[in-house]
Amino acid sequence: MSTLVLAFHPKFNETSRIGKALAEAAKAAGATVVDEYAEYPQFNVGKEAEQARVDAADRVVLLFPFYWYSSPALLKQWEDTVLTPDWAYGNAHKLIGKEFQVAVSTGSPADSYTPEGKHHVTMDELLSPFATMVHHVGATWVKPFIVADVNNLSDEQLAEAASEFAAQL
Ligand SMILES: Cc1cc2nc3c(=O)[nH]c(=O)nc-3n(C[C@H](O)[C@H](O)[C@H](O)COP(=O)(O)O)c2cc1C
């Protein structure tokens, strides 16, 4: 199975600790990793280039740090540009049969994303626009891979999370 990891981190090479570790583990496991902010610093996402990348993959992983209860802005731009009706839905359904997963790191601990927790909502609820998009285009939504409480994550715990991520790809 060929896996494409699209990393949406504004400072992937400069400051990312968690995303970078997950991406490195995925790469070592044979996945293709693309730093989308490096590709499109001006947000001029290339529709054909991105569609071709996805066409060649069996699983697409959208990797991002959680920013304001969602993804960094370039992922929204990517969706708006790439998921066109002549390819993703409407007149063509090129994503049927593919798997989509999100891999997300959060600053807040896992128990803050519960009805009783600090944020009062669950990660499933907050990630539902991505799950709904995936269902709409006829692809399969794979359980999100979430690394929480990143500021309290030791290097050993991060290495464990990264190898768990790679193993489930
Ligand atoms: C602009 C911004 C917004 C953020 N919003 C959230 C948030 O809504 N929820 C959360 O749990 N963490 C939030 N964080 C923390 C990041 O998710 C965290 O720093 C990131 O996942 C770490 O991954 P990295 O090492 O790959 O950068 C935010 C961080 C930044 C810079």
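User: Which helix is T81 found in?

Analyst: Happy to start there. In this predicted model, T81 belongs to helix α4, which covers residues 73-82.

User: How do I read the contacts of T81, and which residues does T81 touch beyond its neighbours within four places in sequence?

Analyst: The general idea is to look for heavy atoms within 4.5 Å. With those sequence neighbours set aside, T81 is in contact with V45 and K47. R59 offers another reference point: R59 and T81 are 22 residues apart in sequence, and their C-alpha atoms are 19 Å apart in space.

User: What lies 2.8 Å from a polar atom of the T81 side chain?

Analyst: For a polar contact, check for N or O atoms within 3.5 Å of each other. Here the partner is the backbone oxygen of Q77, 2.8 Å from a polar atom of the T81 side chain.

User: Let's turn to the ligand. How many residues surround the ligand, and which are the closest?

Analyst: There are 16 residues around the ligand, and H9, S16, F66, S105 and Y113 are the closest. By class, this shell divides into eight nonpolar residues, seven polar and one charged.

User: Where are polar atoms of S16, S108 and Y113 placed relative to oxygen atoms of the ligand?

Analyst: Take them one by one. S16 has a polar side-chain atom 2.7 Å from a ligand oxygen. For S108, a polar backbone atom is 3.0 Å from an oxygen atom of the ligand. Y113 has a side-chain N or O atom 2.7 Å from a ligand oxygen.

User: And what percentage of the ligand's exposed area does the protein bury?

Analyst: Compare the ligand alone with the ligand in place. Alone, the ligand exposes 640 Å², and the protein buries 73% of that.

Definitions and conventions: Residues numbered from 1 in each chain as written. Predicted model: local features only at pLDDT ≥ 70, side-chain atom pairs only at ≥ 80, totals over all residues. Heavy atoms only, no water. Helix = DSSP H or I, 4+ residues; strand = E, 2+ residues; numbered from the N terminus. Polar contact = N/O pair within 3.5 Å; in protein donor to acceptor, adjacent residues only side chain to side chain. Near = heavy atom within 4 Å. Areas by Shrake-Rupley, 256 points an atom, 1.4 Å probe, with all protein chains shown as cover. Nonpolar A, V, L, I, M, F, W, Y, C, P; charged D, E, K, R; others polar.
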